[in-house]
Amino acid sequence: MSEQGANRNAEKGREDIHKAASHDGMDEARREFLRNIAAAGVISLGGGLTLLTMGGGEALAKKPEEPLDPKKRWGMLIDTTKCSDGCQKCVDACKQENGWEAEPNSPHDVQWIRKVNVKDPATGFMMSLPVMCQHCANPPCVDVCPTGASMQRADGIVRVNMHICIGCRYCMMACPYKARSFVHEDIPEEEKRFHAPMGKGCVTSCDFCAHRIDVGKIPACAEACPEGAMLFGDLNDPNSELSKRLREIPTYRIREDLGTDNGIRYTRLP
Amino acid sequence: MKKRFHYEYLQASVGYYTALIGMGVLALIGVAAAYYMEHHGHVVTGMTNEIVWGMPHVFAVFLIIAASGVLNVASIGTVFGKTPYKPLGRLSAVMAAAVLAGGLMILVLDLGRPDRLIVAMTKYNFKSIFAWNIYLYNGFFAVVLLYLYTQMSQDFRVRRYYTAAGTLAFLWRLILTTGTGSIFGWLVARQPYDLAVFAPMFIALSFSFGLAVFILLMVALMKGDERPLGHGLVNRMGRLLGVFVAAAAYFTVVWWLTDLYAAEHRPMVGYLFFSGNVYSWLYWLGFIGLGTIAPLFLVFSRSARSSVKPVVTASLLTVLGGISLVYFIIIGGQSYPLVLFPGKQVSSTYNDGAFYAYAPSMPEILLGLGGMAVAVAIVLVASKTLRILPTTLADADVDPHLATGEVAQMKKAA
């Protein structure tokens, strides 16, 4: 399949998911249809490597009253070979979706995702990659939180329960990935998003766009990536595109030595 | 024959009320500073997304460490049976609770949401050392009050549990400081922390901070109320302070020596301890120079045998050196960036890879001083309303051996 054709298919897949998500009574047949559409959205990548632009097949809508599925564990594979130095699309999409705005290098602004530029001083090799909450299976932030506000959903998403966060910031001390921010001041009403509450005096971080996942969409960053470098899916489902891809190619996690079992993997790390 | 000590309330004097009002004003300013921080958000402080714990935590952690050490004075009398310390037990217990209360006040008022304190008291994550510390702090108050009750009760059926309560309080304080040290020692992601030595190091620090704080307040109360205070007793406490100060410094040396041995930590040790930045100065000049070596000279000096001044100066320096070290641990430790990619150079719009700057703001300092003032104010009020301060601490009353200079002479002969 040509790359252009694959992109068209991917676009079509996204539109279908959006439409499907708006109807609560989505039956299994339509889910199957979506899986097929998503599977068709394959993009040929350089060097014989292929990734899906989206894992819509895994993120199916659930009704609000339905409990989360503990059999799932959401994760992501980021193809860092596709990630260019100047590209900020994933960051911009996250800002737009979740309503945060950060001045570069501001010590106080909230940041859910950032591009990190890494250079090997011994060789001069340079690369750029997005870093956000790694949605660890053994999250230090959850371990240290005194009230349980820093929590892990049944489907593996790590997030902050804004209602019981007391703002002690111990999770920020414990997170190895600098993934959390403290809301240092009031956020203007017009910037607030209902689905991404950020209250002055509380800690906040990437929640994998849980509000999107729960209605069958994929995280905003993954959807916005023009290179299709972010493959989102269910790590526990051996048949998910993500799991299949992870079986095929070597992948790496940031600070794997810490044993936090990150849900985010990278095709290449510096 | 067992000597019975008499304890009496502080006298109402101009000096007493001046001190109490002064502490009250400082405490109110501290609370006002906290309100200012809460109203505007932490953006008005020097704290950032990198230096998430700032000056309030320096004061709070110093006081919390010191609180458990203040109780040692009582333990030395009760658990270890040292006669000269026995009349100090009541003051020690009250002061320990007061200093802990001051520290906790700072910690709570610095929370992003202090209005949710009830959440911290009702929702516990038992995997969190922070949550365990909440139990340990509350338990400390309970155990210390029980200990005080066994000391002050007129009922012999209660007093007979005095040793048991004192032993429980001593064990509890050891566990409490282990918990405080582990808040840092268990932070696996941060290179400057992540060491088991933090728990025993904090215990050693508590011994020295606590005794120094106790000596300062004890001397102030006794002198302020014009009660006899023996040089022999103060000298003896000063020499013990010397041992504690040396032990605390020993653990900090073990800390950086251990990290220096591991190649991965060498850049961190170089940055914090040997780069000549503000943190290196705080450690070497503040803690080692002023807070360790100077007190050691002072407490073992000849003049310390005939005057309380060298020991009081040594205690003051121990407190200053202690605050320097806590600042070094908390702020310095956070200023070293998290290492996401070992051995690589990193940069981002979120300050990855940078050494983080921090400038303490006035509200933070005022909140910290407010907490200290609350601790002193509680001691002042308690000394005025409870019989906790002995009428005399003259050497002849405390321990006849001290009065005759027997101990000093024996040492000289040896």
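**Figure 1. Chain A has a mean pLDDT of 83, and 77% of its residues reach 70 or more.** Here pLDDT is the predictor's confidence in each residue, from 0 to 100. This is a predicted model, in which local features need pLDDT of at least 70 and side-chain atom pairs count only at pLDDT 80 or more, while totals for chains, interfaces and linings use all residues. Residues are numbered from 1 along each chain as its sequence is written, with chains lettered from A and ligands numbered from 1 in the order in which they are written. Within chain A, confidence bottoms out in strand β1 (residues 42-44), at a mean of 37, and peaks in strand β11 (residues 264-266), at 98. Two stretches of chain A deserve some caution: residues 1-26 stay under 50 and have 41 contacts in the model beyond four places in sequence. Residues 37-57 of chain A are also below 50, with 64 contacts beyond near neighbours in sequence. A contact means two C-beta atoms, placed from the backbone, within 7 Å. Where pLDDT is low, the predicted coordinates should not be read in detail.

**Figure 2. Chain A as a whole contains eight helices and 11 strands.** These elements are DSSP runs numbered from the N terminus: helices are H or I over at least four residues, strands E over at least two. Half the story is burial: of the 270 residues of chain A, 50% count as buried, that is, with 20 or more other C-beta atoms (placed from the backbone) within 10 Å of their own. Among contacts in chain A with a separation of 6 or more, 66% join residues 24 or more positions apart.

**Figure 3. An open sheet of three strands runs across both chains in the order β5(A)-β4(A)-β2(B), with antiparallel pairing.** Strands pair if DSSP finds at least two bridges between them. β5 (126-132) of chain A and β2 (345-348) of chain B are the edge strands, each with a single partner, so one side of each has no neighbour in the sheet. From one strand to the next, the twist averages 30 degrees. Strand β4 (residues 113-119) of chain A joins β5(A) through seven antiparallel bridges, and A:Lys115 has A:Pro130 as its bridge partner in β5(A). Helix α3 (residues 89-98) of chain A packs on the sheet, touching β4 and β5 of chain A, and its direction makes about 160 degrees with that of β4(A). Axes are lines fitted to C-alpha atoms (for helices, over the stretch in contact), and angles run from 0 to 180 degrees between N-to-C directions.

**Figure 4. The contact between the chains takes 48 residues from chain A and 39 residues from chain B.** On the side of chain B that touches chain A, α5 (117-122), α6 (129-152) and β2 each supply at least two residues. Sorted by class, that side of chain B holds 18 nonpolar, 13 polar and eight charged residues. Nonpolar covers Ala, Val, Leu, Ile, Met, Phe, Trp, Tyr, Cys and Pro; charged covers Asp, Glu, Lys and Arg; the others, Gly among them, are polar. β4(A) and β2(B) pair in the antiparallel sense over four bridges, with B:Gln345 in β2(B) as the bridge partner of A:Lys119. For the complex, the predictor gives an ipTM of 0.92 and a pTM of 0.89.

**Figure 5. Helices α11 (residues 266-274) and α12 (residues 278-299) of chain B cross at roughly 65 degrees, their axes coming within 6 Å.** That makes α11(B) roughly perpendicular to α12(B), the label for 65 to 115 degrees. B:Leu272, B:Phe273 and B:Phe274 in α11(B) meet B:Tyr279, B:Ser280 and B:Tyr283 in α12(B). This contact has five nonpolar, one polar and no charged residues. Chain B averages a pLDDT of 94, and 96% of its residues score at least 70.

Technical notes: Buried ≥ 20, exposed ≤ 12 C-beta atoms within 10 Å, placed from the backbone. Parallel < 35°, antiparallel > 145°, perpendicular 65-115°, else oblique.
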